[in-house]
Amino acid sequence: SGNARSLKALANSHLGLSIHDGGLHDPEEDARAVLDLYMRHARPVLVGGSYDDMVSYHTELLMAQFKEARAATAAAMGDAADGMAAGGTQPCTADGGDLPR
């Protein structure tokens, strides 16, 4: 990690925060520093700067992932139905009994 900088150094140089004072590690303090760094520096680059833009960007990303998962599930269910129509495996109930055709 040649160019890696510690969270402590990043928080100090970009936010003016002094974290891990006394050498103690505080996960909540780390999380807040990371979120603040993201909100001030990464977010504007990724989505154009405003909070509303960030929400829209992440909503669109999640919806695209949901649609892909739904399409994959539908395709898998279609494959299963095609297999049954061709004499494949009969679906069964939770207790192992056959479902009526």
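## Exercises on a predicted three-helix chain

Buried residues, meaning those under 20% relative accessible area (exposed is over 50%, partly exposed in between; 1.4 Å probe, protein chains only), make up 11% of the 101 residues in the protein chain. The model is predicted, so local features need pLDDT of at least 70 and side-chain atom pairs count only at pLDDT 80 or more, while totals for chains, interfaces and linings use all residues. Residues are numbered from 1 along each chain as its sequence is written, and side-chain values use heavy atoms, with hydrogens and water left out.

**Exercise 1.** State the secondary structure of the protein chain.

*Solution.* Helices (H or I, at least four residues) and strands (E, at least two) are taken as DSSP runs, numbered from the N terminus. The chain has three helices and zero strands. Along the sequence the pattern reads α-α-α.

**Exercise 2.** Find which residues make up the largest nonpolar core, and which helices supply at least two of them.

*Solution.* A nonpolar core is a set of buried Ala, Val, Leu, Ile, Met, Phe, Trp, Tyr and Cys residues joined through side-chain atoms within 4.5 Å. Five residues make up the largest one: Ala11, Leu15, Ile19, Ala33 and Leu37. Helix H1 (7-15) and helix H2 (27-47) each supply at least two residues of this core. Next, take the contacts of Leu37, where contact means heavy atoms within 4.5 Å. Leaving aside residues up to four places away in sequence, Leu37 touches Leu7, Leu10, Ala11, His14, Leu15 and Ala42.

**Exercise 3.** Locate the salt bridge and describe the exposure of its two partners.

*Solution.* A salt bridge requires a side-chain nitrogen of Lys or Arg within 4 Å of a carboxyl oxygen of Asp or Glu. By this rule the count is one. The pair is Glu28 and Arg32, with the closest N and O atoms 2.8 Å apart. Both residues lie in helix H2, four residues apart, about one turn of the helix. Glu28 is partly exposed at 46% relative accessible area, whereas Arg32 is exposed at 56%.

**Exercise 4.** Describe the surroundings of Arg5.

*Solution.* Arg5 sits in the segment before H1 and is partly exposed, at 46% relative accessibility. Not counting residues up to four places away in sequence, Arg5 touches Leu10, Ser13 and His14. With Ser13 there is also a side-chain to side-chain polar contact of 3.0 Å. A polar contact is a pair of N or O atoms within 3.5 Å; within protein, one must be able to donate a hydrogen and the other to accept it, and residues adjacent in sequence count only if both atoms are side-chain atoms.
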